Amino acid sequence: MTIRFLRNKVVEVSPQTDGRLAVSWRQTDDLLKAEVNIKVQLPDLEIVAATAELGRLVPQAWKGASELIKKVEGVRIGAGLRKIVQGLLGGPRGCPVLAHAILECSNAVILHFTRPVIQVGESLEGEEKMANLREMIKNNPRLVRSCVAFQDDSPIMQGLTSG
């Protein structure tokens, strides 16, 4: 017997005329159809509005998703977000789909701002690229040892310390 399962996810970030960001997250698969929309206020990255709609084979425990999602209103996208979202939307009375959606929406907001910087950095070569990395680390020292690219023995860090 062949079992098939198909899942599609889409996350979109759209700047609004009022200065906010509208973020739309949709997941559709053979069992569940889910949509989460949030509005993010700049510059604090505060979630000021959140809605959710679940359809198809929704477990009984998740039937209150449209009310549960309201708990993230007032939360800021930043440090500690995973723990905060898990505390608000996770657990036995929560909805893991909503928690996952909010975290993916938050990642999309962060990428919305970091993608242009990354694209500029990727277009550079040689010493120009190293100068850009030095400046990036100078502006955000928490990058040092934060991932494999910025470990002490990485080519990037070796290049920074030798230059």
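**Exercise 1. Which residue does the side chain of Arg4 meet in a salt bridge? Work out where the two partners sit and how open they are.**

Before you start, keep in mind that you're looking at a predicted model.

Step 1. Look for the partner. The side chain of Arg4 pairs with that of Asp30, at 3.7 Å from N to O. That fits the cut-off, since a salt bridge here needs the nitrogen within 4 Å of a carboxyl oxygen.

Step 2. Place both ends. Arg4 belongs to the segment before E1, and Asp30 to the loop between strand E2 (21-29) and strand E3 (32-41). With their positions 26 residues apart, the pair links distant parts of the chain.

Step 3. Check the cover. Arg4 is exposed, at 64% relative accessible area, while Asp30 is partly exposed, at 31%.

**Exercise 2. Find the salt bridge between Asp29 and Arg7, and say what it ties together.**

Step 1. Get the distance: the side chains of Asp29 and Arg7 come to 2.9 Å, N to O.

Step 2. Assign the elements. Asp29 is in strand E2 and Arg7 in strand E1, so this pair ties together parts that are 22 residues apart in sequence.

Step 3. Compare the two ends. Asp29 has a relative accessible area of 4% and therefore counts as buried, because the limit for buried is under 20%. Arg7, at 43%, is partly exposed.

Step 4. Put the pair in context. The structure holds six salt bridges. Another one of them joins Lys70 and Glu73, with the closest N and O atoms 3.6 Å apart. Here Lys70 is partly exposed, at 36%, and so is Glu73, at 31%.

**Exercise 3. Which residues join Phe5 in a nonpolar patch on the surface?**

Step 1. Locate Phe5: you'll find Phe5 in the segment before strand E1 (7-15).

Step 2. Check its exposure. Phe5 has a relative accessible area of 46%, which makes it partly exposed. That clears the bar for patch residues, because they need over 30%.

Step 3. Name the neighbors. Leu31 and Leu57 complete the patch, and the three together have about 330 Å² of accessible area.

**Exercise 4. Describe the largest nonpolar core and who contributes to it.**

Step 1. Start with the general idea: nonpolar side chains in soluble globular proteins tend to be buried together.

Step 2. Find the best-connected members. The largest nonpolar core has 33 residues, and those touching the most other members are Val36, Ile38, Leu54, Ile69, Leu89, Leu98 and Ile102.

Step 3. List the contributors. Two or more residues come from each of E2, E3, strand E4 (46-56), helix H1 (65-68), helix H2 (81-89) and helix H3 (96-123). H3 gives the most, with eight residues.

Step 4. Zoom in on Leu89. Leaving out residues up to four places away in sequence, Leu89 touches, among others, Leu68, Ile69, Val72, Leu98, Ala99 and Ile102.

**Exercise 5. How does the radius of gyration of the chain sit against that of a compact globule of 163 residues?**

Step 1. Read off the layout. There are five helices and four strands, in the order β-β-β-β-α-α-α-α-α from the N terminus.

Step 2. Set the two values side by side. A compact globule of 163 residues would come out near 15 Å, but this chain has 20 Å.

Step 3. Add the spans. Along the principal axes, the C-alpha trace covers about 60 × 50 × 30 Å.

Step 4. Look at burial and surface. Buried residues account for 32% of the 163. The chain exposes about 10600 Å², with 55% of that supplied by carbon and sulfur atoms.

Note on methods
Residues numbered from 1 in each chain as written. Predicted model: local features only at pLDDT ≥ 70, side-chain atom pairs only at ≥ 80, totals over all residues. Heavy atoms only, no water. Patch = residues over 30% accessible without salt bridge, like charges linked within 9 Å, V, L, I, M, F, W, Y side chains within 5 Å. Areas by Shrake-Rupley, 256 points an atom, 1.4 Å probe, with all protein chains shown as cover. Buried < 20%, exposed > 50% of the residue type's maximum accessible area, 1.4 Å probe, protein only. Rg over C-alpha atoms; globule rule 2.2 N^0.38 Å. Core = buried A, V, L, I, M, F, W, Y, C linked by side-chain atoms within 4.5 Å. Contact = heavy atoms within 4.5 Å.
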